[in-house]
Amino acid sequence: TRWLLPVSFYFAAVGIQAQYFCALAFTSFSVQVYTNKFGTSASFASFATGLINLLAGLMGPIMGPLSDKYGKRAESLAFFSACAAVGFLVLALGPANDVTVWIATVLFAFQYGFGDTVSYVSIRFIVDPSRTGIGYGIYSVIGNLITTAVAIVAGIIIEGANGLTNLCWFFFGLLIFGVLSWVIVAVLEGSRSLLALPCEDIIETSDDDLRIAALTSVIGSNKTK
């Protein structure tokens with residue numbers, strides 16, 4: 001039964017992986033998309049691609065404490081995934097100029113900056129502390145399978161007719177699925193779950209803590225008889 005994890009964990013695993021579609025999966029193709037679809041120079045395309053990671057890194061120290069203070073992690077991750085989805089919508093429909101690329105880059109960075117800081121800890125909040133290692137291990141399998149599949153499908157799409165635009169639509173669809181995954185997690189976990197509470201309201205316990213508390217209660221009640 002230790003390997004039987006909550007259903008919400010599996011949706012969270014998909015949502016967590018969605019945090020990396022922009023910064024890792026898409027950036028394998030971004031220079032090609034920016035130069036061929038939007039007519040940017042190769043140097044600007046490379047700069048915009050790298051800027052996602054730079055901006056995200058600068059946002060991390062801000063996003064993390066905000067998440068600790070206000071909680072609502074699943075809802076917040078859904079919102080920032082939606083920002084990235086809008087970024088791909090802009091790339092699919094926007095005019096062929098540098099401004100379009102700038103807008104998408106900033107939106108991608110917002111998602112990556114928040115998601116990379118907050119998403120992984122969601123596993124620990126969903127599964128109890130004594131099974132955190134199991135949770136991370138199963139996520140590793142799911143995450144790497146998703147990464148492999150996304151890379152293969154994206155490579156096929158970009159080689160097809162209207163491949164650059166269709167690639168943007170493909171990633172847009174993936175991010176929408178990521179948004180829906182976090183919404184489902186929020187519903188399944190509820191408003192009083194560790195995932196939703198601010199850190200100041202969280203008191204973490206392990207299975208051993210619960211057993212000790214139960215044993216103490218029994219001993220105490222026997223002494224009063």
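This note goes through the helices, the aromatic rings and a few individual residues of a predicted model.

1. Overall make-up. The secondary structure of this predicted model comes to ten helices and zero strands, so that a reader following the chain from the N terminus meets the elements in the order α-α-α-α-α-α-α-α-α-α. Of the 225 residues of the protein, 45% count as buried, and several of the residues taken up below can be placed on one or the other side of that division.

2. Helix α9. This helix covers residues 163-189, which amounts to 27 residues, and from its first C-alpha to its last it reaches 39 Å, a span close to the 39 Å expected at 1.5 Å a residue. What follows α9 in the chain, and what is the sign of its phi? The helix is followed by Gly190, which has a positive phi, near 90 degrees.

3. The loop before α9. Asn162 is placed in the loop between α8 (132-159) and α9, and its backbone deserves a look, since its phi is positive, at about 55 degrees, although the residue is not a glycine. As a general background, most residues other than glycine have a negative phi. Is Asn162 buried or exposed? With a relative accessibility of 52%, Asn162 counts as exposed, because the cut-off for that class is over 50%.

4. How α3 meets α9. Two packed helices are described by the angle between their axes and the distance between the axes. For helix α3 (residues 30-37) and α9, the axes come within 10 Å and cross at roughly 130 degrees, which makes α3 oblique to α9. The crossing of these two helices, α3 and α9, is left-handed.

5. How α3 meets α4. Helix α3 also packs with helix α4 (residues 42-70), here at an angle of about 135 degrees and with the two axes 9 Å apart. That angle makes α3 oblique to α4, while the handedness of the crossing between α3 and α4 is right-handed. A reader who compares the two packings of α3 will therefore find an oblique arrangement with α9 and an oblique arrangement with α4, but a left-handed crossing for α9 and a right-handed crossing for α4.

6. Aromatic pairs. How many aromatic pairs does a search of the whole structure find? The search gives 15 aromatic pairs, and one of them is formed by Phe9 and Tyr10, whose rings are edge-to-face, with 5.0 Å from centre to centre and 80 degrees between the planes. The two partners differ in their surroundings: Phe9 is buried, with a relative accessible area of 1%, whereas Tyr10 is partly exposed, with a relative accessible area of 35%. Another edge-to-face pair is that of Phe170 and Phe171, with 5.4 Å from centre to centre and 65 degrees between the planes. In this pair Phe170 counts as buried at 18% relative accessibility, and Phe171 counts as buried at 0%.

7. The ring cluster. Which residues do ring pairs link into a cluster that includes Phe170 and Phe171? Along with these two, the cluster holds Phe26, Tyr34, Phe38, Phe88 and Phe108. Phe38, a member of the cluster, also has a charged neighbour, in that Lys37 lies over the face of its ring, at 5.4 Å from the ring centre. Phe170, for its part, is found in helix α9, and its C-alpha is 8.3 Å in space from that of Ile157, with the two positions 13 residues apart in sequence.

8. Contacts of α8 with Ser28. Two residues of helix α8, Ala154 and Gly155, can be related to Ser28 through their C-alpha positions. Ala154 and Ser28 are 126 residues apart in sequence and 9.7 Å apart in space, and the C-alpha atoms of Gly155 and Ser28 are separated by 9.6 Å, although these positions lie 127 residues apart along the chain. Ala154 is buried, with a relative accessible area of 0%, whereas Gly155 counts as partly exposed, at 22% relative accessibility. The reason that Gly155 is not classed as buried is that the class requires a value under 20%, so 22% places it among the partly exposed residues.

Methods. Residues numbered from 1 in each chain as written. Predicted model: local features only at pLDDT ≥ 70, side-chain atom pairs only at ≥ 80, totals over all residues. Heavy atoms only, no water. Phe/Tyr/Trp six-rings, centres within 6.5 Å; stacked < 30°, edge-to-face > 60°. Buried < 20%, exposed > 50% of the residue type's maximum accessible area, 1.4 Å probe, protein only. Lys NZ or Arg CZ within 6 Å of the ring centre and 35° of its normal. Helix = DSSP H or I, 4+ residues; strand = E, 2+ residues; numbered from the N terminus. Expected span 1.5 Å × (residues − 1). Axes fitted to C-alpha atoms, helices over the stretch in contact; angles between N-to-C directions. Parallel < 35°, antiparallel > 145°, perpendicular 65-115°, else oblique. Left-handed = near helix turned anticlockwise from the far one by under 90°.
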